[in-house]
2 protein chains.
Amino acid sequence: MGDTGSKRTRQDRRPGGNDVARLAGVSQKTVSRVFNGESNVSADTRDRVLAAAQTLGYRPNGAARALLTGRTHRLGVVALGTSHFGPSSLLVALERAARTINYALSIANSFEDDPSGLAEAVDNLLAQGVDAVILSEPVDDGDEPLVVDVPVLTLGAAPVVHAPTVLSVRAAEGGDAAAEVTRHLLELGHRTVHHIAGPQRWWAARERLQNWQDTLIAAGAEVPQAVEGDWTAARGYAAGKALARDPGVTAIFAANDEMAIGVIHALHEAGRSVPGDVSVVGFDDIPVAAHVWPPLTTVSSDNAELATVGLTYLVDFLNNPDSPPAPPPKHVHNLVVRASTSRPPTAGEEAHRA
Amino acid sequence: MGDTGSKRTRQDRRPGGNDVARLAGVSQKTVSRVFNGESNVSADTRDRVLAAAQTLGYRPNGAARALLTGRTHRLGVVALGTSHFGPSSLLVALERAARTINYALSIANSFEDDPSGLAEAVDNLLAQGVDAVILSEPVDDGDEPLVVDVPVLTLGAAPVVHAPTVLSVRAAEGGDAAAEVTRHLLELGHRTVHHIAGPQRWWAARERLQNWQDTLIAAGAEVPQAVEGDWTAARGYAAGKALARDPGVTAIFAANDEMAIGVIHALHEAGRSVPGDVSVVGFDDIPVAAHVWPPLTTVSSDNAELATVGLTYLVDFLNNPDSPPAPPPKHVHNLVVRASTSRPPTAGEEAHRA
DNA sequence: CCTCACGATGTCTACGTAGTCACAATGTCT
DNA sequence: AGACATTGTGACTACGTAGACATCGTGAGG
């Protein structure tokens, strides 16, 4: 990289703890104490130091601190480079949670179009020097297991990772959302529920598929072949076209809202009414979900809760590797019933359409 | 913060340049040379160093490097904590662009609900030690101008910022998208175009409003009162309810897709057909835009281009503060015409509806 | 063959911070 | 009043890296 950057001169260099110390008439060590909130500093000294720092525009140098302590106070998040609402609102929640506990966040995206993307993203984070890595939307890379030399936190299901420690935060048992969606549709009277799954390298997508299937089996319903989508409305639309041709389909559960909207688009085009002929449910409760036609029944997630619980868990561990075994984090999902679901058409109605 | 972290012992410390040097039988300085790609290193030595580094799992310590050079190779992005598609896909693009030029990205969100959010976010970035700050979606804070002690890059219009340098990247003149949208609707035969603006603290929203207005005036069309929204579908829906009552409204330009979708929702509920009675245009081309009913005419943006041009500009400046005056960056917007726009209803059709 | 330039490598050092320990001043307890 | 704890402070140092400069060997030019 064609850097011209040469060594800084005495003049343009930012003020350091020594400059503040000189101005306040104390030692550099005392300045350090003040800025770390240590207790044994007299109120008078503290005030003088803070005043001097204010005057000089002093900021503690994070690099020096990191060099000395070996801790960067930075967490790395591996994201997937998608702008889908679910993942990106989770990132926002993570940043917010990190800031409140005084940690910085680095995000590295693993792009779908790059085969070695995951490992590369992790490497990038490790090169930056992070205290831990968070897999915000765990996926399988297909290839070798991920190797990380700092603790790892996974939100949701955990893929295979080689790391000194792997922590995991996931929804409490029983409160499973995909199962709830499936049950909701069955209770409305649908014989079975079709599923448009997310890409199966995503653990979240796998879980939804699994829970959907388990619920159908538990209810003694037939388990139709699921279709694998890629989270996009376009793929949902394609899948919807196929499903629209099958008059036996009366209920569809899409693994996210975008695919659900694509499905509805296809159903409309095929002249099938939603929810008159077919009920559709999405997942994520994206902002437009309430305003598409018909307003979409979906599942909203409390990402703030997930982020807070996850980060607290992780940072507690970093500060004290052996005390709390595992706080019971609960990730709240809520079924939001809107207008895209209803009872299945009666035999008469079906005949009328056919 | 209840840190237990004590000083690392010789054992658990990560390998450093000295360890690699010892193993490779060279000096630490030579290791440094190898990892910085300096030229005066023999191929043989380089290989031995790389092999030793590989064996030990050595990674250059960014904190030490930053401490010495005064450059962190990290850029700070101030985002707005929204999960809207436009902003978040821009962030993804920025991260990707930054990575290709070997920079790390820190994101700090400024939350709408926090009054001093902007300044706080910037402060957070400065405390982390960034080489520059990027305002990805410039807004006005209302309060005092922002004070930053590193160079600043703004994408789009530039608010008032006190910084050593303020660079700005914006769409090339003439290629304005909001004007194009307005012209598109006028050319279809609409007498005028109503506008649902974004929050006016966002410079992007102001620009769209301004360009819409200028275009109407240039065309000699009446300029209706614009409604100010907040980017959400809910607010678009509310605004749409009011507009639906006015039979004179035949064309609506919403400042983003979500509001457009809300508007369409309201129009549908009021029994007004889109685009039969009213044409609607959005902005951003969010993924579901092609799949809502009717598929939405909107404007897509090349965020990757914007991010690449902006970062290149910024980093060139950081490396050499006085060479290139200003590369001419062009930000490509594209009008995507779908099914939500058409000619206005004829007098007869209007009468029929009324 | 001597000088000089240049390539390859090493030595020494500073960057700004916080751990460790020392130590003075001021209590506090018997 | 003497021993001793407590509080506030400073001196010294290491962290891992890259800049400045020194040194050594080798080949080219006179």
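1. How far is a phosphate oxygen of DNA strand C from an N or O atom in the side chain of Asn40(B)? The separation is 3.3 Å, which falls under the heading of polar contacts (pairs of N or O atoms within 3.5 Å).

2. This is a predicted model, in which local features need pLDDT of at least 70 and side-chain atom pairs count only at pLDDT 80 or more, while totals for chains, interfaces and linings use all residues; side-chain values use heavy atoms, without hydrogens and water. Residues are numbered from 1 along each chain as its sequence is written, and chains are lettered from A and ligands numbered from 1 in the order in which they are written.

3. DNA strand C is surrounded by 30 residues, a residue being near if one of its heavy atoms lies within 4 Å. The closest are Gly17(A), Arg65(A), Thr30(B), Arg33(B) and Thr45(B). Of the strand's atoms within 4 Å of the protein, 54% belong to sugar and phosphate.

4. Two further phosphate approaches deserve mention. A polar backbone atom of Gly17(A) lies 2.5 Å from a phosphate oxygen of DNA strand C; for Thr30(B), a polar side-chain atom is 2.5 Å from a phosphate oxygen of the strand.

5. The surface near DNA strand C comprises 8 nonpolar, 14 polar (Gly counted here) and 8 charged (Asp, Glu, Lys, Arg) residues. Its largest share, 4 residues, comes from H4(A); helices are DSSP runs (H or I) of at least four residues.

6. A turn of 180 degrees with a shift of 0.0 Å along the axis lays chain B on chain A with an RMSD of 0.1 Å, superposed by least squares on C-alpha atoms of residues with pLDDT of at least 70 in both. The copies are therefore related as by a two-fold rotation axis.

Key. Polar contact = N/O pair within 3.5 Å; in protein donor to acceptor, adjacent residues only side chain to side chain. Helix = DSSP H or I, 4+ residues; strand = E, 2+ residues; numbered from the N terminus.
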